[in-house]
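Student: I would like to go through this structure step by step. Please take my questions one at a time.
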Amino acid sequence: MKYYNEILENDRTLDPEDWSKMRELGHRMIDDMMDYLQNIREQPVWRNIPENVKSFYNKDIPLEPQNIEDVYREFKEFILPYNKGNVHPRFWSWVEGNGTPFGVLADMLASAMNPNVTIGDHAAMYIDKQVIEWCKQMLNYPKAATGILVSGGSIANITALIVARNNLKDKNIRKDGIRAVTSQMVLYCSTETHSCIQKAAEVIGIGTNGVRKISVDDNYRINIAELKETIETDIAKGFRPFCVVGNAGTVNTGAIDDLEAIKEICNQYNLWFHVDGAFGALAKLAPEYAYSLKAIEQADSVAFDMHKWMYMPYEVGCTLIKDPEAHRSAYALIPNYLLHHERGLAAGPETNNNYGMELSRGFKALKVWMSLKEHGLKKYVALIRQNIAQSFYLGELIKENKELELLTPVTMNIVCYRFVKPGLTDEKLNILNKEILMTLQERGIASPSYTILNGKYSIRVANTNHRSRKKDFEILVEGTVKIGRELSESNQI
Ligand SMILES: Cc1ncc(COP(=O)(O)O)c(C=O)c1O
(Lines give C-alpha, C1' and ligand atoms only; values in the text may rest on other atoms or scores of the structure.)
Protein backbone atom coordinates (compact mmCIF):
# COMPACT_ATOMS: atom_id res chain seq x y z
CA MET A 1 0.00 0.00 0.00
CA LYS A 2 2.96 2.30 0.71
CA TYR A 3 3.81 2.08 -2.95
CA TYR A 4 0.25 3.01 -3.95
CA ASN A 5 0.20 5.86 -1.43
CA GLU A 6 3.21 7.39 -3.14
CA ILE A 7 1.39 7.17 -6.45
CA LEU A 8 -1.74 8.66 -4.96
CA GLU A 9 0.18 11.60 -3.54
CA ASN A 10 1.37 12.56 -7.02
CA ASP A 11 -1.69 12.71 -9.25
CA ARG A 12 -0.82 12.62 -12.91
CA THR A 13 -2.87 13.28 -16.00
CA LEU A 14 -2.28 13.41 -19.73
CA ASP A 15 -3.75 16.91 -19.91
CA PRO A 16 -1.17 19.63 -20.62
CA GLU A 17 0.56 21.42 -17.79
CA ASP A 18 0.39 24.56 -19.84
CA TRP A 19 -2.98 24.82 -21.54
CA SER A 20 -2.14 28.12 -23.21
CA LYS A 21 0.82 26.53 -24.98
CA MET A 22 -1.40 23.68 -26.20
CA ARG A 23 -4.09 26.13 -27.31
CA GLU A 24 -1.57 28.27 -29.20
CA LEU A 25 -0.11 25.21 -30.94
CA GLY A 26 -3.59 23.99 -31.80
CA HIS A 27 -4.45 27.30 -33.46
CA ARG A 28 -1.25 27.14 -35.45
CA MET A 29 -1.96 23.55 -36.51
CA ILE A 30 -5.36 24.58 -37.82
CA ASP A 31 -3.82 27.51 -39.71
CA ASP A 32 -1.14 25.24 -41.17
CA MET A 33 -3.63 22.57 -42.22
CA MET A 34 -5.96 25.11 -43.82
CA ASP A 35 -2.94 26.53 -45.72
CA TYR A 36 -1.96 22.99 -46.68
CA LEU A 37 -5.38 22.20 -48.13
CA GLN A 38 -5.90 25.62 -49.69
CA ASN A 39 -2.57 25.42 -51.55
CA ILE A 40 -2.42 21.68 -52.18
CA ARG A 41 -2.64 22.25 -55.95
CA GLU A 42 0.84 23.85 -55.90
CA GLN A 43 2.36 20.71 -54.37
CA PRO A 44 3.49 17.59 -56.26
CA VAL A 45 0.84 14.88 -56.04
CA TRP A 46 3.37 12.47 -54.54
CA ARG A 47 6.98 12.54 -53.39
CA ASN A 48 9.42 9.69 -53.06
CA ILE A 49 10.41 9.27 -49.39
CA PRO A 50 14.20 9.68 -49.00
CA GLU A 51 16.05 6.99 -47.06
CA ASN A 52 16.97 9.33 -44.19
CA VAL A 53 13.30 10.13 -43.75
CA LYS A 54 12.40 6.43 -43.81
CA SER A 55 14.94 5.77 -41.11
CA PHE A 56 13.27 8.47 -39.03
CA TYR A 57 10.14 6.27 -39.10
CA ASN A 58 12.03 3.46 -37.47
CA LYS A 59 12.98 4.52 -33.95
CA ASP A 60 12.67 2.98 -30.51
CA ILE A 61 9.58 3.77 -28.49
CA PRO A 62 9.96 7.09 -26.63
CA LEU A 63 10.09 6.52 -22.90
CA GLU A 64 10.50 10.12 -21.89
CA PRO A 65 8.37 13.12 -22.87
CA GLN A 66 9.29 15.25 -25.83
CA ASN A 67 8.36 18.88 -26.30
CA ILE A 68 5.10 19.12 -28.29
CA GLU A 69 6.60 21.86 -30.46
CA ASP A 70 9.33 19.42 -31.48
CA VAL A 71 6.84 16.66 -32.11
CA TYR A 72 4.84 18.96 -34.38
CA ARG A 73 8.02 20.10 -36.15
CA GLU A 74 8.82 16.43 -36.83
CA PHE A 75 5.31 15.93 -38.21
CA LYS A 76 5.78 18.85 -40.58
CA GLU A 77 9.23 17.76 -41.67
CA PHE A 78 8.94 14.00 -41.90
CA ILE A 79 5.28 13.13 -42.25
CA LEU A 80 3.21 15.83 -43.92
CA PRO A 81 5.35 16.22 -47.09
CA TYR A 82 5.17 12.48 -47.74
CA ASN A 83 1.41 12.22 -47.69
CA LYS A 84 -0.28 9.70 -49.97
CA GLY A 85 -1.68 12.55 -52.03
CA ASN A 86 -5.39 11.78 -52.15
CA VAL A 87 -6.07 15.33 -51.01
CA HIS A 88 -4.56 16.55 -54.31
CA PRO A 89 -6.64 17.51 -57.38
CA ARG A 90 -4.72 15.09 -59.61
CA PHE A 91 -5.00 12.00 -57.44
CA TRP A 92 -7.14 9.29 -59.02
CA SER A 93 -5.59 6.09 -57.63
CA TRP A 94 -7.59 3.07 -56.46
CA VAL A 95 -10.90 4.63 -55.34
CA GLU A 96 -10.16 7.31 -52.79
CA GLY A 97 -11.88 10.45 -51.62
CA ASN A 98 -10.23 13.70 -50.61
CA GLY A 99 -11.81 14.91 -47.40
CA THR A 100 -12.77 18.57 -46.87
CA PRO A 101 -11.62 21.37 -44.57
CA PHE A 102 -14.91 21.32 -42.66
CA GLY A 103 -14.61 17.53 -42.42
CA VAL A 104 -11.20 18.04 -40.77
CA LEU A 105 -12.77 20.36 -38.22
CA ALA A 106 -15.67 17.97 -37.64
CA ASP A 107 -13.20 15.16 -36.96
CA MET A 108 -11.42 17.41 -34.50
CA LEU A 109 -14.70 18.12 -32.70
CA ALA A 110 -15.56 14.40 -32.66
CA SER A 111 -12.13 13.70 -31.27
CA ALA A 112 -12.50 16.34 -28.57
CA MET A 113 -15.89 14.97 -27.50
CA ASN A 114 -14.48 11.48 -27.91
CA PRO A 115 -17.66 9.53 -27.19
CA ASN A 116 -17.62 5.80 -27.66
CA VAL A 117 -20.69 5.53 -29.88
CA THR A 118 -21.90 2.11 -28.81
CA ILE A 119 -24.43 2.56 -26.09
CA GLY A 120 -26.03 5.20 -23.93
CA ASP A 121 -28.19 8.26 -23.88
CA HIS A 122 -25.90 10.88 -25.36
CA ALA A 123 -26.00 13.08 -28.44
CA ALA A 124 -23.61 11.06 -30.59
CA MET A 125 -25.92 8.01 -30.48
CA TYR A 126 -28.76 10.09 -31.94
CA ILE A 127 -26.54 11.72 -34.58
CA ASP A 128 -25.29 8.25 -35.56
CA LYS A 129 -28.91 7.10 -36.01
CA GLN A 130 -29.76 10.31 -37.86
CA VAL A 131 -26.96 9.70 -40.36
CA ILE A 132 -28.23 6.16 -40.97
CA GLU A 133 -31.66 7.65 -41.73
CA TRP A 134 -30.02 10.05 -44.18
CA CYS A 135 -28.14 7.16 -45.81
CA LYS A 136 -31.46 5.41 -46.40
CA GLN A 137 -32.94 8.60 -47.82
CA MET A 138 -29.97 9.08 -50.17
CA LEU A 139 -30.51 5.64 -51.69
CA ASN A 140 -34.31 5.70 -51.35
CA TYR A 141 -33.89 2.54 -49.32
CA PRO A 142 -36.90 1.32 -47.28
CA LYS A 143 -37.55 3.45 -44.20
CA ALA A 144 -37.90 0.40 -41.97
CA ALA A 145 -34.41 -0.84 -42.81
CA THR A 146 -31.64 -0.86 -40.23
CA GLY A 147 -28.03 0.09 -40.73
CA ILE A 148 -24.68 0.72 -39.19
CA LEU A 149 -21.75 3.01 -39.88
CA VAL A 150 -18.48 1.12 -40.16
CA SER A 151 -14.89 1.85 -41.11
CA GLY A 152 -15.23 1.20 -44.84
CA GLY A 153 -16.50 -0.83 -47.75
CA SER A 154 -14.78 -4.10 -46.86
CA ILE A 155 -16.28 -4.16 -43.39
CA ALA A 156 -19.62 -2.89 -44.70
CA ASN A 157 -19.73 -5.85 -47.10
CA ILE A 158 -18.80 -8.50 -44.54
CA THR A 159 -21.28 -7.00 -42.07
CA ALA A 160 -24.03 -7.63 -44.63
CA LEU A 161 -22.77 -11.05 -45.72
CA ILE A 162 -22.84 -12.33 -42.14
CA VAL A 163 -26.53 -11.42 -42.02
CA ALA A 164 -27.07 -13.11 -45.39
CA ARG A 165 -25.31 -16.28 -44.22
CA ASN A 166 -27.29 -16.45 -40.97
CA ASN A 167 -30.58 -15.88 -42.70
CA LEU A 168 -31.21 -19.51 -43.72
CA LYS A 169 -34.64 -20.23 -42.30
CA ASP A 170 -34.12 -23.97 -41.73
CA LYS A 171 -30.78 -23.67 -39.92
CA ASN A 172 -29.51 -21.83 -36.90
CA ILE A 173 -26.00 -20.96 -38.01
CA ARG A 174 -25.55 -18.50 -35.18
CA LYS A 175 -26.06 -21.30 -32.68
CA ASP A 176 -24.76 -24.36 -34.50
CA GLY A 177 -22.08 -22.76 -36.63
CA ILE A 178 -21.55 -23.17 -40.36
CA ARG A 179 -21.33 -26.96 -40.03
CA ALA A 180 -25.11 -26.96 -39.45
CA VAL A 181 -25.34 -26.61 -43.21
CA THR A 182 -24.07 -29.92 -44.45
CA SER A 183 -23.97 -28.96 -48.12
CA GLN A 184 -21.55 -26.33 -49.44
CA MET A 185 -23.06 -22.83 -49.18
CA VAL A 186 -22.51 -20.84 -52.36
CA LEU A 187 -22.23 -17.12 -53.05
CA TYR A 188 -22.30 -15.73 -56.61
CA CYS A 189 -20.62 -12.64 -57.97
CA SER A 190 -18.83 -11.59 -61.13
CA THR A 191 -15.13 -12.02 -61.80
CA GLU A 192 -14.90 -8.21 -61.52
CA THR A 193 -16.15 -8.16 -57.93
CA HIS A 194 -13.87 -6.55 -55.35
CA SER A 195 -11.56 -8.94 -53.50
CA CYS A 196 -13.18 -8.00 -50.16
CA ILE A 197 -16.17 -10.18 -51.10
CA GLN A 198 -14.01 -13.28 -51.50
CA LYS A 199 -12.18 -12.43 -48.28
CA ALA A 200 -15.51 -12.01 -46.50
CA ALA A 201 -16.69 -15.40 -47.78
CA GLU A 202 -13.46 -16.99 -46.55
CA VAL A 203 -13.72 -15.35 -43.14
CA ILE A 204 -17.38 -16.26 -42.57
CA GLY A 205 -16.77 -19.93 -43.26
CA ILE A 206 -18.11 -20.21 -46.80
CA GLY A 207 -14.61 -20.66 -48.14
CA THR A 208 -13.18 -19.89 -51.55
CA ASN A 209 -14.82 -23.08 -52.86
CA GLY A 210 -18.17 -21.50 -52.05
CA VAL A 211 -17.56 -18.42 -54.22
CA ARG A 212 -18.65 -18.73 -57.86
CA LYS A 213 -17.10 -16.05 -60.00
CA ILE A 214 -19.33 -15.60 -63.00
CA SER A 215 -17.80 -14.27 -66.21
CA VAL A 216 -18.54 -10.77 -67.51
CA ASP A 217 -19.62 -9.36 -70.85
CA ASP A 218 -17.70 -6.85 -72.98
CA ASN A 219 -18.79 -4.10 -70.63
CA TYR A 220 -17.52 -5.98 -67.57
CA ARG A 221 -21.05 -6.71 -66.31
CA ILE A 222 -21.98 -10.09 -64.90
CA ASN A 223 -23.30 -12.61 -67.45
CA ILE A 224 -26.84 -13.12 -66.28
CA ALA A 225 -27.47 -16.32 -68.27
CA GLU A 226 -24.32 -17.91 -66.83
CA LEU A 227 -25.34 -16.81 -63.33
CA LYS A 228 -28.67 -18.56 -63.66
CA GLU A 229 -27.18 -21.70 -65.18
CA THR A 230 -24.54 -21.92 -62.46
CA ILE A 231 -27.13 -21.62 -59.71
CA GLU A 232 -29.19 -24.37 -61.31
CA THR A 233 -26.18 -26.63 -61.71
CA ASP A 234 -25.23 -26.06 -58.07
CA ILE A 235 -28.75 -26.86 -56.88
CA ALA A 236 -28.75 -30.03 -59.00
CA LYS A 237 -25.44 -31.03 -57.41
CA GLY A 238 -26.87 -30.60 -53.92
CA PHE A 239 -25.05 -27.35 -53.06
CA ARG A 240 -26.74 -24.60 -51.08
CA PRO A 241 -26.81 -21.28 -52.98
CA PHE A 242 -27.58 -18.44 -50.56
CA CYS A 243 -26.51 -15.08 -51.93
CA VAL A 244 -25.76 -13.10 -55.07
CA VAL A 245 -23.59 -10.00 -54.87
CA GLY A 246 -24.32 -7.41 -57.53
CA ASN A 247 -21.89 -4.61 -58.33
CA ALA A 248 -22.97 -1.01 -58.34
CA GLY A 249 -19.68 0.15 -59.85
CA THR A 250 -16.87 -2.36 -60.15
CA VAL A 251 -13.49 -1.35 -58.87
CA ASN A 252 -11.68 -2.00 -62.16
CA THR A 253 -13.92 -0.23 -64.63
CA GLY A 254 -16.94 1.19 -62.79
CA ALA A 255 -19.33 -1.30 -64.44
CA ILE A 256 -22.83 -1.58 -63.03
CA ASP A 257 -24.24 -5.11 -63.11
CA ASP A 258 -27.80 -5.65 -64.30
CA LEU A 259 -29.11 -5.33 -60.76
CA GLU A 260 -32.73 -5.70 -61.81
CA ALA A 261 -31.99 -9.09 -63.41
CA ILE A 262 -29.99 -10.20 -60.36
CA LYS A 263 -32.87 -9.21 -58.13
CA GLU A 264 -35.26 -11.36 -60.19
CA ILE A 265 -32.93 -14.34 -60.02
CA CYS A 266 -32.66 -13.89 -56.25
CA ASN A 267 -36.46 -13.81 -55.98
CA GLN A 268 -36.76 -16.90 -58.14
CA TYR A 269 -34.26 -18.98 -56.18
CA ASN A 270 -34.90 -17.40 -52.80
CA LEU A 271 -31.40 -16.00 -52.46
CA TRP A 272 -30.12 -12.98 -50.55
CA PHE A 273 -29.52 -10.05 -52.90
CA HIS A 274 -26.56 -7.96 -51.74
CA VAL A 275 -25.19 -4.92 -53.56
CA ASP A 276 -21.59 -3.82 -53.24
CA GLY A 277 -21.96 -0.14 -54.00
CA ALA A 278 -18.75 0.94 -52.29
CA PHE A 279 -18.53 4.02 -54.46
CA GLY A 280 -21.11 3.51 -57.20
CA ALA A 281 -24.23 3.30 -55.04
CA LEU A 282 -24.11 7.06 -54.57
CA ALA A 283 -24.23 7.59 -58.34
CA LYS A 284 -27.90 6.69 -57.90
CA LEU A 285 -28.30 10.32 -56.85
CA ALA A 286 -27.40 11.43 -60.38
CA PRO A 287 -30.51 11.37 -62.61
CA GLU A 288 -28.50 9.66 -65.40
CA TYR A 289 -27.79 6.65 -63.14
CA ALA A 290 -30.97 6.54 -61.10
CA TYR A 291 -32.51 3.95 -63.39
CA SER A 292 -29.61 1.49 -63.59
CA LEU A 293 -29.16 1.65 -59.82
CA LYS A 294 -32.84 1.64 -58.89
CA ALA A 295 -32.83 -2.04 -57.92
CA ILE A 296 -30.65 -1.13 -54.92
CA GLU A 297 -33.92 -0.10 -53.31
CA GLN A 298 -34.99 -3.72 -53.32
CA ALA A 299 -31.70 -5.29 -52.32
CA ASP A 300 -31.66 -7.24 -49.08
CA SER A 301 -28.52 -5.35 -48.18
CA VAL A 302 -26.23 -2.71 -49.57
CA ALA A 303 -22.73 -1.64 -48.61
CA PHE A 304 -21.24 1.72 -49.52
CA ASP A 305 -18.67 4.26 -48.43
CA MET A 306 -18.88 7.92 -47.68
CA HIS A 307 -15.10 8.34 -47.66
CA LYS A 308 -15.08 7.61 -51.38
CA TRP A 309 -17.71 9.39 -53.43
CA MET A 310 -18.93 11.67 -50.67
CA TYR A 311 -15.43 12.96 -50.06
CA MET A 312 -15.64 12.51 -46.26
CA PRO A 313 -12.39 12.22 -44.34
CA TYR A 314 -11.40 8.61 -43.67
CA GLU A 315 -13.03 6.46 -42.39
CA VAL A 316 -16.73 5.99 -42.86
CA GLY A 317 -18.70 3.28 -44.61
CA CYS A 318 -22.27 2.09 -44.21
CA THR A 319 -24.24 -1.15 -44.30
CA LEU A 320 -28.01 -1.08 -44.76
CA ILE A 321 -30.15 -4.19 -44.24
CA LYS A 322 -33.74 -4.34 -45.42
CA ASP A 323 -35.03 -6.79 -42.82
CA PRO A 324 -34.39 -5.37 -39.32
CA GLU A 325 -35.06 -8.72 -37.68
CA ALA A 326 -32.55 -10.54 -39.89
CA HIS A 327 -30.01 -7.83 -39.11
CA ARG A 328 -30.60 -7.85 -35.39
CA SER A 329 -30.73 -11.59 -35.01
CA ALA A 330 -27.28 -11.92 -36.61
CA TYR A 331 -25.61 -9.68 -34.03
CA ALA A 332 -27.72 -8.91 -30.96
CA LEU A 333 -26.17 -10.10 -27.72
CA ILE A 334 -26.77 -8.35 -24.44
CA PRO A 335 -24.52 -9.29 -21.56
CA ASN A 336 -25.18 -7.87 -18.09
CA TYR A 337 -22.75 -5.04 -18.56
CA LEU A 338 -24.60 -3.81 -21.67
CA LEU A 339 -28.18 -3.94 -20.34
CA HIS A 340 -30.43 -1.09 -21.38
CA HIS A 341 -31.85 1.07 -18.56
CA GLU A 342 -34.99 3.19 -18.41
CA ARG A 343 -33.16 6.32 -17.33
CA GLY A 344 -29.67 7.65 -16.86
CA LEU A 345 -26.68 7.12 -19.14
CA ALA A 346 -27.56 3.51 -20.03
CA ALA A 347 -30.92 4.60 -21.48
CA GLY A 348 -31.21 6.01 -25.01
CA PRO A 349 -31.23 4.28 -28.40
CA GLU A 350 -30.60 0.57 -28.70
CA THR A 351 -26.91 -0.32 -28.56
CA ASN A 352 -25.22 -0.25 -31.96
CA ASN A 353 -23.48 -3.44 -30.98
CA ASN A 354 -26.73 -5.27 -31.75
CA TYR A 355 -26.20 -4.45 -35.43
CA GLY A 356 -22.53 -5.16 -36.03
CA MET A 357 -19.32 -6.63 -34.66
CA GLU A 358 -17.74 -3.50 -33.25
CA LEU A 359 -18.38 -2.53 -29.68
CA SER A 360 -16.13 0.51 -29.43
CA ARG A 361 -16.95 2.94 -32.22
CA GLY A 362 -15.81 6.50 -32.86
CA PHE A 363 -18.05 9.44 -33.64
CA LYS A 364 -17.63 9.12 -37.41
CA ALA A 365 -21.22 10.22 -37.89
CA LEU A 366 -20.38 13.81 -36.92
CA LYS A 367 -18.32 14.58 -40.04
CA VAL A 368 -21.11 13.18 -42.21
CA TRP A 369 -23.78 15.13 -40.35
CA MET A 370 -21.83 18.40 -40.39
CA SER A 371 -20.69 18.03 -44.01
CA LEU A 372 -24.19 17.29 -45.28
CA LYS A 373 -25.39 20.39 -43.46
CA GLU A 374 -22.51 22.46 -44.78
CA HIS A 375 -23.13 21.62 -48.43
CA GLY A 376 -26.59 20.09 -48.69
CA LEU A 377 -27.15 16.88 -50.61
CA LYS A 378 -27.64 18.74 -53.91
CA LYS A 379 -24.01 19.87 -53.90
CA TYR A 380 -22.85 16.26 -53.57
CA VAL A 381 -25.06 15.28 -56.49
CA ALA A 382 -23.52 18.10 -58.54
CA LEU A 383 -20.01 16.94 -57.66
CA ILE A 384 -20.72 13.29 -58.47
CA ARG A 385 -22.07 14.42 -61.83
CA GLN A 386 -19.01 16.64 -62.31
CA ASN A 387 -16.70 13.67 -61.71
CA ILE A 388 -18.65 11.60 -64.23
CA ALA A 389 -18.59 14.42 -66.81
CA GLN A 390 -14.83 14.82 -66.28
CA SER A 391 -14.33 11.08 -66.82
CA PHE A 392 -16.23 11.19 -70.10
CA TYR A 393 -14.15 14.23 -71.07
CA LEU A 394 -10.95 12.32 -70.30
CA GLY A 395 -12.29 9.42 -72.37
CA GLU A 396 -12.77 11.81 -75.31
CA LEU A 397 -9.27 13.26 -74.92
CA ILE A 398 -7.88 9.73 -75.04
CA LYS A 399 -9.96 8.72 -78.05
CA GLU A 400 -8.82 11.83 -79.95
CA ASN A 401 -5.17 11.07 -79.28
CA LYS A 402 -3.56 8.54 -81.62
CA GLU A 403 -0.83 7.74 -79.09
CA LEU A 404 -3.38 6.64 -76.51
CA GLU A 405 -5.84 3.78 -76.42
CA LEU A 406 -8.99 3.67 -74.34
CA LEU A 407 -9.16 0.13 -72.96
CA THR A 408 -12.78 0.12 -71.78
CA PRO A 409 -15.75 2.25 -72.68
CA VAL A 410 -16.24 4.97 -70.06
CA THR A 411 -19.49 4.20 -68.28
CA MET A 412 -19.17 6.19 -65.08
CA ASN A 413 -16.13 7.61 -63.27
CA ILE A 414 -13.37 5.15 -64.16
CA VAL A 415 -11.17 5.50 -67.21
CA CYS A 416 -8.69 2.82 -68.26
CA TYR A 417 -6.20 3.61 -71.01
CA ARG A 418 -2.66 3.05 -72.21
CA PHE A 419 0.03 4.67 -74.30
CA VAL A 420 0.55 2.86 -77.60
CA LYS A 421 3.28 2.83 -80.19
CA PRO A 422 3.07 0.93 -83.48
CA GLY A 423 5.28 -2.14 -83.56
CA LEU A 424 5.33 -2.74 -79.81
CA THR A 425 3.88 -6.02 -78.59
CA ASP A 426 1.38 -6.16 -75.72
CA GLU A 427 4.17 -7.46 -73.53
CA LYS A 428 6.37 -4.41 -74.32
CA LEU A 429 3.41 -2.07 -73.95
CA ASN A 430 2.73 -3.51 -70.52
CA ILE A 431 6.28 -2.74 -69.41
CA LEU A 432 6.14 0.70 -71.02
CA ASN A 433 2.82 1.69 -69.44
CA LYS A 434 3.88 0.55 -66.00
CA GLU A 435 6.99 2.76 -66.40
CA ILE A 436 4.83 5.66 -67.56
CA LEU A 437 2.60 5.32 -64.53
CA MET A 438 5.49 5.18 -62.07
CA THR A 439 7.14 8.18 -63.76
CA LEU A 440 3.91 10.22 -63.68
CA GLN A 441 3.82 9.61 -59.95
CA GLU A 442 7.54 10.14 -59.34
CA ARG A 443 7.49 13.46 -61.17
CA GLY A 444 4.55 14.48 -59.02
CA ILE A 445 2.41 15.18 -62.10
CA ALA A 446 -0.56 12.95 -61.34
CA SER A 447 -1.44 9.79 -59.44
CA PRO A 448 -3.65 7.50 -61.46
CA SER A 449 -3.35 3.82 -60.58
CA TYR A 450 -3.36 0.68 -62.65
CA THR A 451 -5.11 -2.54 -63.46
CA ILE A 452 -4.71 -5.34 -65.96
CA LEU A 453 -7.59 -5.82 -68.40
CA ASN A 454 -7.51 -8.87 -70.68
CA GLY A 455 -3.76 -9.06 -70.18
CA LYS A 456 -3.22 -5.38 -71.00
CA TYR A 457 -1.59 -3.18 -68.37
CA SER A 458 -3.84 -0.20 -68.01
CA ILE A 459 -3.39 3.23 -66.50
CA ARG A 460 -6.56 3.65 -64.48
CA VAL A 461 -8.21 6.88 -63.37
CA ALA A 462 -10.90 6.54 -60.68
CA ASN A 463 -12.39 9.96 -60.28
CA THR A 464 -13.93 10.57 -56.88
CA ASN A 465 -12.08 13.87 -56.51
CA HIS A 466 -13.97 17.06 -55.72
CA ARG A 467 -10.80 19.12 -56.31
CA SER A 468 -10.16 17.97 -59.89
CA ARG A 469 -10.74 20.50 -62.65
CA LYS A 470 -11.12 19.93 -66.40
CA LYS A 471 -7.54 21.18 -66.89
CA ASP A 472 -6.19 18.44 -64.59
CA PHE A 473 -7.23 15.77 -67.07
CA GLU A 474 -5.51 17.65 -69.89
CA ILE A 475 -2.33 17.72 -67.76
CA LEU A 476 -2.64 13.97 -67.25
CA VAL A 477 -2.99 13.29 -70.98
CA GLU A 478 -0.08 15.61 -71.85
CA GLY A 479 2.06 14.00 -69.14
CA THR A 480 1.26 10.47 -70.29
CA VAL A 481 2.10 11.23 -73.92
CA LYS A 482 5.29 13.14 -73.06
CA ILE A 483 6.62 10.42 -70.78
CA GLY A 484 5.44 7.70 -73.17
CA ARG A 485 7.42 9.30 -76.01
CA GLU A 486 10.49 9.88 -73.85
CA LEU A 487 10.58 6.28 -72.65
CA SER A 488 9.74 4.62 -75.94
CA GLU A 489 12.30 6.73 -77.81
CA SER A 490 15.03 6.13 -75.25
CA ASN A 491 15.19 2.46 -76.21
CA GLN A 492 14.89 1.51 -72.55
CA ILE A 493 11.79 -0.53 -73.27
C1 LIG B 1 -16.32 -1.88 -55.44
C2 LIG B 1 -15.55 -1.85 -54.15
N3 LIG B 1 -15.93 -2.64 -53.12
C4 LIG B 1 -15.29 -2.64 -51.94
C5 LIG B 1 -14.20 -1.83 -51.73
C6 LIG B 1 -13.51 -1.85 -50.39
O7 LIG B 1 -13.77 -0.65 -49.71
P8 LIG B 1 -12.80 -0.13 -48.53
O9 LIG B 1 -11.50 0.20 -49.21
O10 LIG B 1 -13.48 1.10 -48.02
O11 LIG B 1 -12.69 -1.21 -47.54
C12 LIG B 1 -13.75 -1.00 -52.76
C13 LIG B 1 -12.55 -0.16 -52.59
O14 LIG B 1 -12.12 0.52 -53.48
C15 LIG B 1 -14.45 -0.99 -54.00
O16 LIG B 1 -14.08 -0.21 -55.01
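Student: How many bridges join strand 7 to strand 8, and do they run parallel or antiparallel?
Tutor: This is a predicted model, and the answers below apply to that model. Strands of a sheet pair through backbone hydrogen bonds, in one of two directions. Here F304 has C318 in strand 8 as its bridge partner. Strand 7 and strand 8 are joined by five bridges and run antiparallel.

Student: Which residue in strand 8 stands opposite I148?
Tutor: Strand 8 also pairs with strand 2, through five bridges, and the two run antiparallel. Strand 2 covers residues 146-150. The residue of strand 8 that stands opposite I148 is T319.

Student: What is the strand order of the open sheet of seven strands?
Tutor: The pairing in this open sheet is mixed. Two of the pairs are strand 2 with strand 8 and strand 7 with strand 8, so strand 8 has to stand between the other two, given that strands pair when at least two bridges are found between them. The full order is 2-8-7-6-5-3-4.

Student: Which are the edge strands?
Tutor: An edge strand here pairs on one side only. In the order 2-8-7-6-5-3-4, the ends are held by strand 2 (146-150) and strand 4 (211-214).

Student: What is the average twist from one strand to the next?
Tutor: The value describes the open sheet of seven strands. From one strand to the next, the twist averages 20°.

Student: Which residue in strand 6 is the bridge partner of G246?
Tutor: Strand 5 takes in residues 240-247 and strand 6 residues 272-276. Five bridges join these two strands, which run parallel. The partner of G246 in strand 6 is V275.

Student: Which residues of strand 8 are buried on each side?
Tutor: In a regular strand the side chains alternate between the two faces of the sheet. Five of the five residues of strand 8 are buried, so this strand is largely enclosed by the rest of the structure. Both of its faces are covered, with G317, T319 and I321 on one side, and on the other C318 and L320.

Student: Which residues come nearest to the ligand?
Tutor: There are 14 residues around the ligand. The shell divides into six nonpolar, six polar and two charged residues. The nearest are G152, G153, S154, H194 and A278.

Student: Which peptide bond is cis?
Tutor: The loop between strand 7 (301-305) and strand 8 (317-321) contains E315. The bond that leads into E315 has omega near 0°. That cis peptide bond runs from Y314 to E315.

Student: Is W94 buried, partly exposed or exposed?
Tutor: W94 sits in the loop between strand 1 (91-92) and helix 5 (101-113). Its phi is positive, near 40°, though W94 is a residue other than glycine. A residue needs 20 or more other C-beta atoms within 10 Å to be buried and 12 or fewer to be exposed. W94 has 17, so it is partly exposed.

Student: Is N270 buried or exposed?
Tutor: N270 lies in the loop between helix 11 (259-269) and strand 6. It is not a glycine, yet its phi is positive, about 55°. Because N270 has 9 other C-beta atoms within 10 Å, it counts as exposed.

Student: Is R460 buried or exposed?
Tutor: R460 belongs to strand 12 (residues 456-462). Beyond residues up to four places away in sequence, R460 touches I414, C416, P448, S449, Y450 and T451. Because 27 other C-beta atoms lie within 10 Å of R460, it is buried.

Student: How many C-beta neighbours inside 10 Å does I459 have?
Tutor: I459 is also placed in strand 12. Among the residues it touches are Y417, L437 and T480. I459 counts as buried, and the number of its C-beta neighbours inside 10 Å is 26.

Student: What is the radius of gyration of the chain?
Tutor: The chain holds 17 helices and twelve strands. For 493 residues the globule rule gives 23 Å, and the value of the chain is close to that, so the chain is as compact as a globular protein of that length. Of its residues, 42% count as buried. The radius of gyration is 25 Å.

Methods:
Residues numbered from 1 in each chain as written. Predicted model: local features only at pLDDT ≥ 70, side-chain atom pairs only at ≥ 80, totals over all residues. Helix = DSSP H or I, 4+ residues; strand = E, 2+ residues; numbered from the N terminus. Axes fitted to C-alpha atoms, helices over the stretch in contact; angles between N-to-C directions. Near = placed C-beta within 6 Å. Nonpolar A, V, L, I, M, F, W, Y, C, P; charged D, E, K, R; others polar. Rg over C-alpha atoms; globule rule 2.2 N^0.38 Å. Contact = placed C-beta atoms within 7 Å.
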